[in-house]
Every structure is written in structure tokens, then in C-alpha cells.
Amino acid sequence: MATLVTLPSLPPAWSPPSEPASSISPLVQRRLIPAGAAYLAHIKRTLNNHTFDEYDKQLEEERKRLELLNADGLNGEDDLGVGDEEESPELLLLDAKEWKKQDHYQVLGLSHLRYKATPEQIKIAHRKKVLKHHPDKKAGASHTTNDDAFFKCIQKANEVLTNSERRRQFDSVDPICLSLEEDDPSASDFKGREKDTAFFFKTFAPIFEREARFSKKIPVPMLGENDDSKENVHAFYDFWYNFDSWRSFEYLDKEVNEGSDNRDDKRYTEKKNKSERARRKKDDITRLRNLVDLTLGLDPRIKRIKQEEKEAREAKKKTKGGMSAAEQKAKAEEDKRKAEEEAQRKEEEEKVARAEAKKAKTAAANAAKKARRQQRAADTDEAAPS
């Protein structure tokens, strides 16, 4: 049902608006460049084929991950589970001056991760250790001045592990890695177990996984399985016999005597360090080569491949070139047919050649006879009286 509405009357002082005095600016075309957070979010959604809900969910998960990553360790959060290892009494008694002898991963509570620890995990572990072992915190708690040697060890560990070059040098001589190398198997460990395939792979597979992290070339082929093909097995040994390692031994260099400004002392120390690094590098290459030799000698796949090649040679020998009797007969008949065709072709070619030669000989004789007749005719004309 319609309702009638009465509009109010215009005020007495109202007058219609006049035309604007200034003119309208001309139309200008401008180019808009897509940019900004909204456009980047649109691109991410388009590339990942995400809906708005999926994209918001992904942002929320990333926000939570960053919150865990940047947690301060004071509210009981797990902080990715790093830096919570308890320190042994021996660890707390480390001498900060002998920092090259300390296990930096153990000091920061990263023994379970070691070289796999990410920069974020190292940062979190360092923060937790600082909050726990800072000298000011200890002094305030016990009202005494405590030895800050272990705190200095924490700072040194963080200094080494947050520097990519120095961390690589430390990883090259990681004490845990060195101790594992001392436990590498020998031929005597396999005495009486040469046919134990499971024991072979169980023993050597972790060793090559451990050594693979030193490779300059990526990816690194692993030991594989017992049923690997001949090509894969040969590719594995080709790679490891030509292994290119980035491992270095600068971390074990001896420092120049403190307080010594003698150039000769520095040069002598540098020369000796260089010689020691070269010796250790050579020893490491020899150790790895011996390990690959031992693996090759015990590899059941090599024995299987050799046996398969031997059987193939014997089968080939029995069939006289790898063909059955029917194939040999067919080949002999084909060879005979080809030989007959070749002989017939040669005979025809010789026949044609003889005919051509005879024809050429006849033509030459006729030409010579004609030349003699012409010569006699010329002689007769000269002899006739004028």
C-alpha cells in the first residue's frame, strides 16, 4: 500500500546554485602500476591456486611458526625443541681459553642436531643458554660473584656457529664425526659374514650418509639396495672414487704465540699450519679411498653382477656367438646367397668390361687402317706427274 509523503517547502532564502567560476581540468590518462601488499597477495594466491580461505589459513600457520621461532623461552614454550639439553658437570667446568677443544653444539644444547641445526635453531638455543647462564642473573640469585667461564664458552660457540665459514671449519673436525671415523669397519669385522647381505648394508649405508655432507657435488648417490642395477652400482663407485670434498682442517691450526710480533714466528707458524692441513687432507682422502675399496670388495651386488656376466659369456660361447642352430643355418644360407649374387655381379661386370675393351680395340684398328689408307692416297698424289 503506497503512502503519500509531503515534502517540506523550500526556505525563503534559497536560490539555485550558480555555475562554477573555474573551468574543469582536462582529462588526463595515467598508467597504474600493480604494486603493494594486496597485489603481492593476489599473485601468491594465483600462483599457488589458493582460495582466500586457504591463503588466510597459510598466513595464520606462518604467523604461529614465527611466534614459536621468536619465543623468548620465558613462558615455557618448547622453542622448536632446541637448547634444552642438560649440561654435565664436566661441560660446566670447561676452560673458556681452550675453546678449540670444546664441542660447540654440546655447549648450546644441539648435540642431537649438530650440523643439521638451522640458523634459527642456533639462535634460539643461544638465547636460552644466555638466559640460564648469564653471570648477572646468577649473581642476583645467589648474591655472589660467579665464574663466567661457561658463559664465555656459550658466547664463543655462538660466534663460531653463526659464522658460515668458521662453522664449516668446525664441522670438518667435529669431535663426534672424528670419533665415528675411528669406529669405521675393517675387513676383519666381516670375517665369516661375507654372505650376510643385511649386515653389509646396515654397516656401510650410515657411513656413506655421514660422508655425503662433505661433497661439493650434489646430489650424492647413496649405497642403495641389493637389487640395484649394474648401471646404478657402477655410478655409485665412480662418484665415490672421484669424491670431491670441501672438508678442510683450518680449525686445528695452531695460533701464533700471544704477544709475539716477530714476523719470522708468524711465517713459521703459518707454514707449519699449511703443511699440517695438507697432511690431514691427504690422510682423509686415503681413509675414504680405503673405505670405498673395502665396500667394493665386500659388496654382494658386485659378486652378483660378475656372476651374471660370467653366465652370459658362457651362454654366448655355447651358442657360438649367441645364436641358435636355426639362426646359424639361416645366416649361413643368407651369406651363401649374398656370395653367389656378388660373384654373378662381378662376372657380369667383367663380361661388360671385356665387350667394351673388344669394341674399343676394333675401333682403334679401324681408325689405324683408315689412317694408313689416307696416307697411301696422299703419297700417290704426290708421286703423280704434274
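1. In this predicted model, K129 is in contact, once its neighbours within four places in sequence are left aside, with G83, E85, E87, V107, L108, G109, H134 and I154. K129 is found in helix α5, and at a relative accessible area of 1% it falls under the 20% limit and therefore counts as buried. A reader who follows the lysine side chain in the viewer may wish to note that two glutamates, E85 and E87, are included among these partners, and that I154 is also included, a residue which belongs to helix α7 and takes part in the contact of α5 with α7.

2. I122 is likewise found in helix α5, and its relative accessibility of 1% is why it counts as buried. Leaving aside the neighbours within four places in sequence, the contacts of I122 are with L108, L110, A117, N158, L161, T162 and R167. N158 and L161, both in this list, are among the α7 residues that meet α5, while R167 is one of the α8 residues in the contact between α7 and α8. L108 is a partner of I122 and is also listed for K129. In addition, the C-alpha atoms of I122 and V82 lie 8.1 Å apart in space, although 40 residues separate the two in sequence.

3. The pairing of helix α5 (residues 119-133) with helix α7 (residues 149-161) gives these two residues their setting: the axes come within 10 Å and cross at roughly 170°. Because that angle is over 145 degrees, α5 is roughly antiparallel to α7. The crossing is left-handed. On the α5 side the residues involved are I122, H126, K129, V130 and H133, and on the α7 side they are F150, F151, I154, Q155, N158 and L161. Sorted by class, this contact comprises six nonpolar, four polar and one charged residues.

4. Helix α7 also packs on helix α8 (residues 164-172), here at an angle of about 100° and with the axes 6 Å apart. An angle between 65 and 115 degrees counts as roughly perpendicular, so α7 is described in that way relative to α8. From α7 the contact draws on K156, E159, V160 and L161, and from α8 on R166, R167 and F170. The division by class is three nonpolar, no polar and four charged residues. L161 takes part in this contact and in the one with α5.

5. Further along the chain, helix α11 (residues 230-241) and helix α13 (residues 300-318) pack at about 130°, their axes being 11 Å apart. The two helices are therefore oblique to each other, and α11 passes α13 in a left-handed crossing. K230, V233 and Y237 of α11 meet R301, I302, I305 and E309 of α13. By class there are four nonpolar, no polar and three charged residues in this contact.

6. Some backbone details in the loops deserve a check by anyone preparing the model for calculation. I218 and P219 are joined by a cis peptide bond, with omega about 0°, and P219 lies in the loop between α10 (197-212) and α11. N49, although not a glycine, has a positive phi of about 55°; N49 lies in the loop between α1 (37-48) and α2 (52-69) and, with a relative accessible area of 67%, is exposed. R114 is another residue other than glycine with a positive phi, near 50°. R114 is found in the loop between α4 (104-107) and α5, and its relative accessible area of 9% is why it counts as buried.

7. As for the chain as a whole, the secondary structure consists of 14 helices and zero strands. Of its 386 residues, 25% count as buried. Among contacts with a separation of 6 or more, 69% are accounted for by residues 24 or more positions apart. The chain exposes about 29,100 Å², of which carbon and sulfur atoms supply 54%; these totals use all residues of the predicted model.

Technical notes:
Residues are numbered from 1 along each chain as its sequence is written. This is a predicted model: local features need pLDDT of at least 70, side-chain atom pairs count only at pLDDT 80 or more; totals for chains, interfaces and linings use all residues. Side-chain values use heavy atoms; hydrogens and water are left out. Axes are lines fitted to C-alpha atoms, for helices over the stretch in contact, and angles run from 0 to 180 degrees between N-to-C directions. Helices (H or I, at least four residues) and strands (E, at least two) are DSSP runs, numbered from the N terminus. Angles under 35 degrees count as roughly parallel, over 145 as roughly antiparallel, 65 to 115 as roughly perpendicular and the rest as oblique. A crossing is left-handed if the near helix is turned anticlockwise from the far one by less than a right angle, and right-handed if clockwise. Contact means heavy atoms within 4.5 Å. Ala, Val, Leu, Ile, Met, Phe, Trp, Tyr, Cys and Pro count as nonpolar, Asp, Glu, Lys and Arg as charged, and the others, Gly among them, as polar. Buried means under 20% relative accessible area, exposed over 50%, partly exposed in between (1.4 Å probe, protein chains only). Accessible areas come from the Shrake-Rupley method with a 1.4 Å probe; for residues, only the protein chains shown count as cover.
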